[in-house]
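Let's take a walk through this one together. Keep the 3D view open and follow along as we go.

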Amino acid sequence: MNLRCKRVAAAALLWLGAVSAMAADYPDRPITMVVPFPPGGVADTIARPLAQAVGAKLGRPIVIENKGGAGGAIGIGQAGRAKPDGYTLLMSLSAISILPAADRLLERKPAYELEQFVPIARVTADPTVLVVRADAPYKTLQEFVAAAKSQAGKLSFGSSGIYGTMHVPMAMLQDAAGIKMMHVPFTGAGPAVQALMGGQVDALATGPSSVMPLIQAGRVRPLAHWGDGALDSLPQVPSFKSQGYDIRFVQWSGVFALAGTPPAVLERLRQAIRDVANDPEFRSRIAATGSPVQYLDAPAFDEYWKADSASLERAVNRIGKVD
């Protein structure tokens, strides 16, 4: 028995030595950052400049892999099955917190569990914005709600998938305003925005960065946002709360690694992202998208994520089973 214990201890020491050596050499090859949405959405818009800047800090390229579908569940689930060695990262939106709760509500096995991931850093956090085409007949939120009430089930909105970050806020609005709209899910914000511009849907809720160029070009009209106060990027757009609707939704973006990743690797990633997030040039570049950097380091992000996940799970359960 004593010999067996010694062998186990020796094996453990060898394993710890191998892990330490791996962490010391990290990274020695390119890193993959899974973005669980198609190009053109908030996650992709933030991930690309972040990957470029962090890769330069680490001395190895970070390659973006877009894997859209099911409101983000397909890509997040794929990332969750990767080896916890720091060579697969996940750039996710707050959808990561919603989807397991939605799966359980619908009595199906979640594509992943939150415990599979370790938060490294929150990069941005913006209330979603309700937008319509500039040629739409409704110029205010009141006119939009009135149109939805007079055409029950006919006005449509696009989303990144059922219970995704573009669906939940619209479900909140329908419940608060007593309206019924047609939900048209796509694989991500990019295709949903394209559908809005092509006339396939009438409205959508999305992070500012997905539509800021269209707003600035006068092709899209923002009607309201799901935040508490004025948005720096859209100061003229009122909140739902200021117009009598007690609803709030923040679409944040954050970087995750796999649970079980060596602490030294996590610290290397954390330091690199922290340096980039505090770099004035990077902050200026992200601010230009309409979603300014609102960085949270790993410990603060972990606390934020836990509280936000609990809040979103309650929201999903309040919404209930929807189409």
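In what order do the strands of the open sheet come, and is the pairing mixed? Reading across, the order is β7-β6-β8-β5-β9, so to speak a row of 5 strands, and the pairing is indeed mixed. Keep in mind throughout that we're looking at a predicted model. The edges of the sheet belong to β7 and β9 (220-225), each of which pairs on one side only. Ignoring direction, neighbouring strands here are turned by 30° against each other on average.Start at the β7 end and work inward. Strand β6 (residues 156-159) runs parallel to β7, with 4 bridges between the two. Find F157 in β6: the bridge partner of F157 in β7 is H183. On the other side, β6 is joined to β8 by 2 bridges, and this pair also runs parallel. F157 turns up here too, with A203 as its bridge partner in β8. One step along, G158 stands opposite L204 in β8. Is β6 covered on its faces or open? Both faces are covered. S156 and G158 sit on one side, F157 and S159 on the other, and all of them are buried.

Now move on to β8 (residues 203-206). Past β8 the direction flips: β5 and β8 run antiparallel, joined by 4 bridges. To see the register, look for L130, which stands opposite A205 in β8. The side chains of β8 split into two sets, with A203 and A205 pointing one way and L204 and T206 the other. Each of these four residues is buried.

T206 in strand β8 deserves a pause. Why does T206 count as buried? Its relative accessibility is 0%, and buried means anything under 20%. Around T206 you'll find V42, T128, V129, M166, A189, V211 and Q251, all of which touch T206 even when residues up to four places away in sequence are left out. There's a polar contact as well: the side chain of T206 meets the side chain of S210 at 3.2 Å.

One of those neighbours of T206, A189, takes us to the next element. Helix α7 (residues 189-197) lies across β5 (129-133), β6, β8 and β9. Relative to β8, helix α7 runs at about 150°. Which residues of α7 are buried? They are A189, G190, A192, V193, A195 and L196. What do these buried residues pack against? Their partners are β5, β6, β8, β9 and also α8 (208-216). Just after α7, check the backbone at G199, where phi is positive at about 85°.

Let's swing over to a loop. I179 sits between α6 (168-177) and β7 (182-185). I179 counts as buried because its relative accessibility is 8%. Leaving aside residues up to four places away in sequence, I179 touches V145, A148, K149, L173 and Q174. For a sense of scale, pick I120 as well: the C-alpha atoms of I179 and I120 are separated by 39 Å, and the two residues are 59 residues apart along the chain.

The last stop is a pair of helices. Helix α4 (residues 95-105) and helix α11 (residues 298-319) have axes that come within 9 Å and cross at roughly 35°. The crossing of α4 past α11 is right-handed. From α4, the contact draws on I96, S97, I98, A101, A102 and L105. From α11 come W305, S309, L312, E313, V316 and N317. Sorted by class, that gives 8 nonpolar, 3 polar and 1 charged residues.

While you're on α11, have a look at R314, which is found in that helix. R314 counts as partly exposed because its relative accessibility is 48%. The C-alpha atom of R314 is separated by 23 Å from that of I74, with their positions 240 residues apart along the chain.

Conventions. Residues are numbered from 1 along each chain as its sequence is written. This is a predicted model: local features need pLDDT of at least 70, side-chain atom pairs count only at pLDDT 80 or more; totals for chains, interfaces and linings use all residues. Side-chain values use heavy atoms; hydrogens and water are left out. Buried means under 20% relative accessible area, exposed over 50%, partly exposed in between (1.4 Å probe, protein chains only). A polar contact is a pair of N or O atoms within 3.5 Å; within protein, one must be able to donate a hydrogen and the other to accept it, and residues adjacent in sequence count only if both atoms are side-chain atoms. Contact means heavy atoms within 4.5 Å. Axes are lines fitted to C-alpha atoms, for helices over the stretch in contact, and angles run from 0 to 180 degrees between N-to-C directions. A crossing is left-handed if the near helix is turned anticlockwise from the far one by less than a right angle, and right-handed if clockwise. Ala, Val, Leu, Ile, Met, Phe, Trp, Tyr, Cys and Pro count as nonpolar, Asp, Glu, Lys and Arg as charged, and the others, Gly among them, as polar. Two strands pair if DSSP finds at least two bridges between them.
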